[in-house]
Amino acid sequence: MKFSRRGFVTGLAVAAALPAGIYAHRRWEAAEAAELSSDEPDTPVPVLQNALLANRLVGAWDVRFLAGRQDFPEIPAGELQLLLDVGPGGRALRGYLGAPPFAGEGFQVFGQLAGDKAPNLCLKMVDGAGRSLECSAIFDEVWDVWNAGGNATLSGRLRRSGTQAGLSAPEVTFVAIRRPFVPACERLPYVPELAAWLTSPGHRLFHQLWHASRDRWHRLDDDRRQALRALGWQAGPLGKERDARGRQRHRNGSGEDFLFMHRHMLMRARSMQDLPSWPSLPPPRPFIGHGVQAFADYLANRDGFSVPPAWESQGDDEFNQWLYYIKSGEGYYGDFQAWEARYRDPEYLATLCLGELGSRIELGIHDWLHMRWASVPLDPGSGLPIAYGRGSADFSERWFRPGNDYLGDPFSSHVSPVFWSFHGWIDDRIEDWFLAHEQAHPGQVVRKEVDGVPWFAPGHWVRVAEPWLGPTQAGCGAWGRGNRDDDGELDIETMKLALGIVFTGEDESERLQGRVPRRPWYGRHLARGASRA
Ligand SMILES: [Cu+2]
């Protein structure tokens, strides 16, 4: 276990101030230690200030000229966009000023990426005929709005190179507004039957509770475990529960539950609509220097698989850095591609039992896929961004609305069309795993249908005969009601009660630990930040 100076000091402070809290705090710390280490790779540390500045500037900006346009015939006609890019790990801005489609009549843009000079920005613009302009601009100073991915503006002035600002040389003033990200649901719509199932309260609660029960099981005290058992919502067979994130996670078969439950879900969804798997993980944003139109197409999210911009949470730079990295080109080349190669490598796959395969995928690339493709969560009531999204046990009506498809929360993640693309990709790795075992030791893994799902018989490489899909028909729900009705649908009030049980006390532990910031579900298991002490 790594020694955390910050944790130690916080521990001392808590123990001194709150003697009654010592026991709870120690228990919290013991659970925390047992949970480590994370399966995530160590993330490199970009210069956060510049990285976040880049994140704010990269995009397509609609330019509106205010005054002086007539004095600059060299500026192309039409509705102009200012496209800004920063390459992976880059420390400079590259861009383009022109009208779509971008065929080369515009100005190439160059600028330094200087976080310490923000919100001021200086750009040099040069066209194909060698004419050049200087641009000085200032971003919208309402940084909170920027942080949350809302509307951002850039206001500035252009003048010819070699002329001095403020003198009689001509100038053109402009305002540029950043185009909002086009969400995947606009590009990849569902048929009504599938949309109805995915957004139904029953399936939202099922998906959240299924994940929450097994993700939190190892952290729950006996009282809460008993309460969940009484509702039939313990994580696996009674008394032999399989937690997903405790010390035994790679050996207890929870990874088989993970793969099986999602295959089951995929089969049902695919019975209503064709939902192809990604054949490979979609490549990151192309650098503008490789082609202006391709860059613009990526920003416009033409195929629905562009990565939405990172957002920032005030006071939680560890999270900001993690999220930035996960969404970056560096993260794609550094980690996603390494994972992709590993989970296709027969030599590696043939060493894994099915549970370890599922568990390693779940706690590593799966959580990261959720967060790479997540957009900033919005409050469905006000439409305003809220950095951490819905509270885990908040069942207000507005969260049940169809538009809530935030990938960072299992209550809504399965509503996003991207969910099916990457869960299909994960599911396809099971076949790679089977073929790898056939190659290495033929016949040791045996195919078998389970609950109507093509699966595998228990044996040397498969531990569980009946993967966990939630309570069975026989389980009894809250207030003497059955857990499933005659159609097999799960009882909604029982699920809300069970989620309440999973999450009560959690806030208290976090308060005692001094860890105030809340993180998205698929981001909360990250190691304690890149700068681990
Ligand atoms: Cu899931």
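The following paragraphs describe how three pairs of helices pack in a predicted model.

Residues are numbered from 1 along each chain as its sequence is written. Because the model is predicted, local features need pLDDT of at least 70 and side-chain atom pairs count only at pLDDT 80 or more, while totals for chains, interfaces and linings use all residues. The mean pLDDT (the predictor's confidence in each residue, from 0 to 100) is 85 for the protein, and 82% of its residues reach 70 or more. Over residues 1-20 the pLDDT is below 50, and this stretch has 17 contacts in the model beyond near neighbours in sequence, two residues being in contact if their C-beta atoms, placed from the backbone, lie within 7 Å. The pLDDT is also below 50 over residues 528-533, a stretch with 12 such contacts.

Two packed helices are described by the angle between their axes and the distance between the axes. Here the axes are lines fitted to C-alpha atoms, for helices over the stretch in contact, with angles running from 0 to 180 degrees between N-to-C directions; helices are DSSP runs (H or I, at least four residues), numbered from the N terminus.

The axes of α7 (residues 201-216) and α16 (residues 492-503) come within 10 Å and cross at roughly 30°, and the two helices are therefore roughly parallel (angles under 35 degrees). Their crossing is left-handed, meaning that the near helix is turned anticlockwise from the far one by less than a right angle, whereas a clockwise turn is right-handed. Among the residues that meet are Leu205, Phe206 and Leu209 in α7 and Ile492, Met495 and Leu499 in α16. By class, this contact of α7 with α16 has 10 nonpolar, three polar and two charged residues, where Ala, Val, Leu, Ile, Met, Phe, Trp, Tyr, Cys and Pro count as nonpolar, Asp, Glu, Lys and Arg as charged, and the others, Gly among them, as polar.

Helix α14 (residues 354-372) takes part in a contact with α9 (residues 254-270), their axes coming within 6 Å and crossing at roughly 75°, so that α9 and α14 are roughly perpendicular (65 to 115 degrees). The contact includes Phe258 and Leu259 of α9 and Leu354 and Leu357 of α14, and by class it has four nonpolar, five polar and three charged residues.

With α15 (residues 417-440), the axis of α14 comes within 11 Å and crosses at roughly 155°, which makes α14 roughly antiparallel to α15 (over 145 degrees). This crossing is right-handed. Leu354, Leu357, Ile361, His366 and Leu369 of α14 make the contact with Phe422, Ile426, Arg429 and Trp433 of α15, a set of seven nonpolar, one polar and one charged residues.
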